[in-house]
Amino acid sequence: MVMQRLVSEVMTSPLFTVQADTPLQEAVALLNQHHISALPVVGAKGELLGELSEQDLMVRESGFEAGPYVLLLDSVIYLKNPLQWDKEVHQVLGNFVEDLINRHPHTCALDLPLPQAAKLLHNGKTQRLFVLNPEGIPVGVLTRGDVVRALAEAI
């Protein structure tokens, strides 16, 4: 029964990873070659630093917009805080994974029951959970597709 299964029984493993200093083109090639939508970004000891996803790459390709502004007496008044532009400009112009990294990836433990993981996927409005061992090292990924396959096997 799917309700009694653990994440470790359903997750996809092994995992492809990149480091923060990996060139973006190399990371994009990995995503494309293996038909995956995100890569965990790991540190020197294998610890999870964040993720690089297709969504992050869309920000880069969609470009940067300064946002709405008003002209008043030959002055430009921006309606969006210019201090927030730094991150967007960095993402658009960056050449390494660290320039686009999402430092708040969704994660779960190996021994989490599948129903609880499905709830995390749903409530977090995410496509994936990186599965961490007790040392915080990513050892797999649980996607919505993995949960659906587990449900289909239980039928």
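Modeller: Two residues are in contact if they have heavy atoms within 4.5 Å. Keep in mind that this is a predicted model.

Colleague: Okay, what share of the contacts between residues at least 6 apart in sequence join residues at least 24 apart?

Modeller: That share is 55%.

Colleague: What makes strand 1 and strand 2 a pair?

Modeller: Pairing takes at least two bridges. Strand 1 and strand 2 (residues 38-42) have two bridges, in the parallel sense, so they count as a pair. Across that pairing, Val-18 stands opposite Val-41 in strand 2.

Colleague: And which sheet do they belong to?

Modeller: An open one, with three strands in the order 1-2-3 and mixed pairing.

Colleague: Why are strand 1 and strand 3 called edge strands?

Modeller: Strand 1 (18-19) and strand 3 (48-53) each pair on one side only, and that's what earns them the name.

Colleague: How do you know that helix 2 touches the sheet?

Modeller: Touching here goes by the cut-off of heavy atoms within 4.5 Å. Helix 2 (residues 24-34) touches strand 1, strand 2 and strand 3, so we say that it packs on the sheet. Its direction makes about 135 degrees with that of strand 2.

Colleague: How many helices and strands does the chain have?

Modeller: Six helices and eight strands. Along the sequence they come as α-β-α-β-β-α-β-β-α-β-α-β-β-α.

Colleague: What makes a residue count as buried?

Modeller: Having under 20% relative accessible area. In this chain, 34% of the 155 residues count as buried.

Colleague: What about the accessible surface of the chain?

Modeller: It comes to about 9700 Å², and 56% of that belongs to carbon and sulfur atoms.

Notes. Residues are numbered from 1 along each chain as its sequence is written. This is a predicted model: local features need pLDDT of at least 70, side-chain atom pairs count only at pLDDT 80 or more; totals for chains, interfaces and linings use all residues. Side-chain values use heavy atoms; hydrogens and water are left out. Helices (H or I, at least four residues) and strands (E, at least two) are DSSP runs, numbered from the N terminus. Axes are lines fitted to C-alpha atoms, for helices over the stretch in contact, and angles run from 0 to 180 degrees between N-to-C directions. Buried means under 20% relative accessible area, exposed over 50%, partly exposed in between (1.4 Å probe, protein chains only). Accessible areas come from the Shrake-Rupley method with a 1.4 Å probe; for residues, only the protein chains shown count as cover.
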